[in-house]
Structures are given as C-alpha cells and as structure tokens.
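Please have the sequence and the three-dimensional view open side by side, and follow the paragraphs below from one site to the next.

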Amino acid sequence: MTENTLAAITADARRARAALLVGHTGERRDLPLRYWRQQVHFTTPASGTPAKALTALRAVPRLLERLDLSVEAVAEHLGVEPAPLASVLDGDGRPPAVLLDAEDAVADTAEAARQARSGAAACFADADWGHTLRLFRPAGLALDGCIDDLTHVLTAVATHPTAAFPIDAIMWPKVEHADEIAWVSGLLARLEDHLGLASGSIRLQFLVESARAVQCLPELAEAAGTRLSGIVWGIADYSADIGLPQIRNDHPACDWARCALINTAGACGVPAIDSMTLNYPTPLHRGQGLSADQRAQNRAKVLAALAQVYQDARHGIDLGMSGKWVGHPLQAWLVLAAYRTALAPEQLDRDLADIEAYRRAVAGGSGAAIIGEGMNAYMADRASDRHVRARLRRAAAWGLLDPARALALGLITPQERAQL
C-alpha cells in the first residue's frame, strides 16, 4: 500500500463521514425551544368561549374553595410537599399549551362545525395568548369537514394584523397511515404559500389512537418531516382498538405503546405527550344547600381524581413523557406540579454541580470523573453529562432554570433565550 493510496482512502472516508453526519443530523427536528413547553396540553372546545382556557389555572383557587379544599389538603392527600403545588399557582394562570378542539368536542353537524371554526379563528386572532403554545385540532380524515376546518381557520387568522402567524401547530387526530400525514403536510405547504408564510412555519403534531398508528410510528414521524413538533398518545381509542376490557393507564399494552411513542419522539427530537386521565375531578353533587355528607362525598371524589391524575403524570414522566393531555383546570394544576417535582430545585442544584464538576475534570485532561463522596459517589462521563444537560435544557424551557444561567452553560442559544 503506497502513501498516496492511503491518503486517498483517508480522504474518501472523511468525505463519506461528513455526508453521514449531515444526513444523520437532518433526521432530528431543529425544534425551537418553546415547543418543549408542552408539559400540559389543555384541550377546550373551539366553539363557545375557548379563550377562558388561556387562564385556566386562575380557576383553581375558586374550585378548591367550593369544595372546602386547600393546597395543603390536596398535598397531604397526595403525600407530597405543598410548595410545588402552590408555586404553580403563583404564575400568570396560563397553561403551557392550549388546544382548540374542532374534532371530538364538536357535534357532527354542519352548524356545529361552522361555530367551531368561527370560535377558533376568533380566539387565535383576538385573544391574549402570552407565551402559551397555540394548537388547533381539526376534524380527522374520516370527517368531511377536515379540509374546511384547516382552510377556513388558517385563512381567517392570516388576515389579522398580528406580528406573527397566530397558530403554532396543527394536531392531526386519529392518524392511521403515513400517506395521510404526507397529505396534511402538503396541504399545509400549499396554504403557507397561498398566505405568504414561510415554508414550514405551521408545525404539525399527530395523535396516536390506534394499533395501526402505533405500528407505523416511525413512518408517520418521517412523513411529518421537519414540521413535526410533538407526538400525542390517546389511550381511550387505542384501548377500544385492541380490545382491552377496561381503559387502564398502567396496562402493560398501554405502557408498551407509550414506550414506542417515546422512542419515536426521542429519535426525532420532539416531545412525547401522554394521554388524558379520563377520571375528571368534578363533584358528585351540585347546587346550593348540600348536606355535610354530600360535601364530604364531593371532596372524596375530587381528591381521588386528583390523586389519579398526579400519579398518571408521574408514571408518564418516569417513562420519558414530556407532557400530558388534560381537560380540566385542576388536572392542569396537578400535572404541572408533577413536572415541577420531577425537576425540583434540589435536583437542579445537583445537576448544575455535576456539569461543573465534569467541566473541571475535562479541563484537567480527564474524560471521566468520580462525583461525590462515599456511598453517594458516582461516575460522570460524556454520556452522563449529556443526560444531565438535556434535563437542564428542559428545565430552562419550563421556566425552572434562569435563562441567563442556561445560556452561560451552553444549554440554550441566545435566540432560544429570547423565546423564554
């Protein structure tokens, strides 16, 4: 083997490596950081008064008062500290993401569909969304109104004089096949061109609700391309599809499907959103003049539902979910609290100390380091540092880590800091 031959082999290998790196990097979505603020998907009917959902958390103290409950009482029932629950209520009352639903929440009539389109367009164009992600769910492929939902709402809001297009993503329901997602993406591309929007400016999420959708997850994600901004799990239709005797959040088949969804979302670099807890925290008895027994029954029923949604959220977090679908202010409250407890201040402090210790080790010429002492000591290397940084990056997206600190540590870019 001559030197020239070896040089040619090396040069060819370098070119091929560069091409592979470009191709592999392109498989992950360059998702703006604000799309990771999806810990809660608060869904509300597009007809009626959907703007009320934008401040859903403000209703929590009033709802608790009606039930003779307090933050401390709920925390005690859950067996957790009240601080994370209380801190959720210290903000502006807005859920991270609100979904205006023109599908399942709308009667299958032409007039109901018209009202939903009108309500969605008005809410997207005129309501004060703040930093809340703006999501729209049209009717699915099997319903005749699906195209009109998209064309009417997107066209109506495009004419409104806002600084940016007022819809962040479309959530496509009951998806079955990759060609269906390709069709939706193509329709969005043509509408963007018609409305003078940048290509790909309207992101796309899809709702996984069937055995076939779980089976085709990688193909569905690939068909969505760079528009993809999340994959959402729907447990009720899936349970019906595979014939489960009951809808059970922790059923092995449902967790298997969740893991498939989480893996696909991870491969694409987008959030995986867990299903809704169907046990709503609503009272058994309503009206004035309830007896002491009736009020006690109301409290017991609501506390049980709150415990379930909190436990379901923690279960999803432990599996790797990045958010959860909810439909009630009290559910939104406890899901946000669950995500805050998952990234509690003590955990963030440990993570920040870990990446600093690893940075010092690398600066000293070591590729790995032992962090901590005694029984609490553990090894840190490039892989563990990546894991900690990913967790801190989510903390920054969720508003739990100071953006200036996140920027200084290289967890976010200056452009991403401007989004927070």
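In which strand is the place of Arg137? Arg137 belongs to strand E3, which covers residues 133–137; helices (H or I, at least four residues) and strands (E, at least two) are here DSSP runs, numbered from the N terminus. Before going further, please note that this is a predicted model, in which local features need pLDDT of at least 70 and side-chain atom pairs count only at pLDDT 80 or more, while totals for chains, interfaces and linings use all residues. Residues are numbered from 1 along each chain as its sequence is written, and side-chain values use heavy atoms, with hydrogens and water left out.

Arg137 has a relative accessibility of 2% and therefore counts as buried, given that buried means under 20% relative accessible area, exposed over 50%, and partly exposed in between, with a 1.4 Å probe and protein chains only. Its side chain is joined to that of Glu103 by a polar contact of 3.2 Å; a polar contact is a pair of N or O atoms within 3.5 Å, where within protein one must be able to donate a hydrogen and the other to accept it, and where residues adjacent in sequence count only if both atoms are side-chain atoms. When the neighbours within four places in sequence are left aside, Arg137 is in contact (heavy atoms within 4.5 Å) with a set of residues including Thr43, Leu99, Asp101, Glu103, Met171, Pro173, Leu207 and Trp325.

The partner, Glu103, sits in the loop between strand E2 (97–101) and helix H5 (110–126), and Glu103 counts as buried because its relative accessibility is 6%. Again leaving aside neighbours within four places in sequence, Glu103 is in contact with Arg137, Pro138, Ala139, Gly140, Pro173 and Lys174.

Lys174, one of those contacts of Glu103, leads to another loop, the one between strand E4 (169–172) and helix H7 (178–195). With a relative accessible area of 34%, Lys174 is partly exposed, and its phi is positive, at about 50°, although Lys174 is not a glycine. Most residues other than glycine have a negative phi. A second case is Asp68, a residue other than glycine whose phi is near 55°; Asp68 lies in the loop between helix H2 (60–66) and helix H3 (71–78) and, at 43% relative accessibility, counts as partly exposed.

The helix that follows the loop of Lys174 is H7, and from there one can turn to helix packing. Two packed helices are described by the angle between their axes and the distance between the axes. Helix H6 (residues 146–158) packs with H7 at an angle of about 30°, the axes being 11 Å apart; axes are lines fitted to C-alpha atoms, for helices over the stretch in contact, and angles run from 0 to 180 degrees between N-to-C directions. H6 and H7 are therefore roughly parallel to each other, since angles under 35 degrees count as roughly parallel, over 145 as roughly antiparallel, 65 to 115 as roughly perpendicular and the rest as oblique. On the H6 side the contact is made by Cys146, Ile147, Leu150, Thr151, Leu154, Thr155 and Ala158, and on the H7 side by Trp183, Leu187, Leu188, Leu191 and Leu195. By class, this contact has ten nonpolar, two polar and no charged residues, where Ala, Val, Leu, Ile, Met, Phe, Trp, Tyr, Cys and Pro count as nonpolar, Asp, Glu, Lys and Arg as charged, and the others, Gly among them, as polar.

How are helices H10 and H11 oriented to each other? Helix H10 (residues 235–242) and helix H11 (residues 252–268) pack at about 120°, with their axes 11 Å apart, and the two are therefore oblique to each other. H10 contributes Ile235, Tyr238, Ser239 and Ile242 to the contact, while H11 contributes Ala253, Cys254, Trp256, Ala257 and Arg258; these residues divide into seven nonpolar, one polar and one charged.

Within this contact, Ser239 of H10 counts as buried because its relative accessibility is 3%. Beyond its neighbours within four places in sequence, Ser239 is in contact with Leu244, Ile247 and Cys254, and its C-alpha atom is separated by 9.8 Å from that of Asn249, ten residues apart along the chain.
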